[in-house]
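Thanks for coming. I have one model to go through, so please look at the sequence and the structure first.

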Amino acid sequence: MKLITDQTNFTAVQDITIPDIFFNRMKSGVQDFDKLFGEGLLPGAAITLTAQAGCGKTTFALQLLEHLSQAGYDTSYASGEENCFQLAFTCKRLNVKGVKIANVTDIDTIAKEMEANDIMVVDSFQALTTKTKMNSRALEQYAISTLCNKAKESECVLIFIMHLTKAGQLKGSTLVPHSVDVNMMISHDMESDDDTTRLISVSKNRFGQSIEVQALLGHKGFHIGDKVTTGKKIKSKANRKADLQANILKMDPPNITEQGVMSSFSLTKGQTYVVLKQLVDDKKLKKYGRGTNAVWKKI
């Protein structure tokens, strides 16, 4: 299993240019939602959301997607648990309107759809399938490698909904929570007399602090803070991609190289491959040569 990390030389921290994306969070407009993820979601982050049955995993995910949809982001929910009609019925109760839903469990299909989305919820990790027959361990590794790499490559936030056993243990191995960037859990607040009270906890966050937020779960969903003004919203992925492609086409000298694009825009090798391939497919660039000696020229 390989997660997207290019090998580098040892470099003084002060000489490393941090990509702009680390400073541009996707914000939902609800302060306590955004606070859970470190003042907004980092594009490309991979997240697990776990809870026992009835704690509100689906409700939380749909509400988060709807707030982000209202903020102008492309949001999708891939379900292998409930059919689209059940989900649509739940969405109607929660007043969720802008989220795209589908019954899809194939890993490669979901990875392809992530290219056109800012955030994708997968419900659930345990329901994922492949067209190629493989054992459960191999399927788990393939799912993590394919989908987490695609999240980083396409800057699409990925949320895996995870099942727990009746004993409160994660179903399957610990490979998934160790591989992702953020681990979240929804649980009953045992200190509250109100059985609708939930604790939403973040026990691991590579891009923010560990935090716990109390929320009430009712018929209309979670009540978790009020709408707030978040200031300037970052550009959608589609707009960021268009800007990147336009800037690549402006590069000087006109003979564009893979290393030149990686260095100029702080991209990984995988991200560079994707953007150059798209420019070739759109007939804006033509590739000459192969491997490290390849160059791309404007048409």
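Start with helix α4, residues 107–114, which lies across β2 (75–79), β4 (119–123) and β5 and runs at about 160° to β4. Helices here are DSSP runs of H or I with at least four residues, strands are E runs of at least two, and both are numbered from the N terminus. Axes are lines fitted to C-alpha atoms, for helices over the stretch in contact, with angles from 0 to 180 degrees between N-to-C directions; contact means heavy atoms within 4.5 Å.

This is a predicted model, where local features need pLDDT of at least 70 and side-chain atom pairs count only at pLDDT 80 or more, while totals for chains, interfaces and linings use all residues. Residues are numbered from 1 along each chain as its sequence is written, and side-chain values use heavy atoms, leaving out hydrogens and water.

A second helix, α5 (residues 136–154), lies across β1 and β5, at about 155° to β5. Those two strands, β1 (46–51) and β5 (157–163), run parallel and are joined by six bridges; L49 stands opposite I161 in β5.

Now the sheet. It is open, with nine strands in the order β3-β2-β4-β5-β1-β6-β7-β8-β9 and mixed pairing; strands pair if DSSP finds at least two bridges between them. β3 (100–103) and β9 (221–223) are at the edges with a single partner strand each, so one side of each has no neighbour in the sheet.

Last, α7. Its buried residues, meaning under 20% relative accessible area with a 1.4 Å probe and protein chains only, include R240 and L244. The buried residues of α7 pack against α4, α5, α8 (258–265) and α9 (269–281).

How values were computed: Buried means under 20% relative accessible area, exposed over 50%, partly exposed in between (1.4 Å probe, protein chains only).
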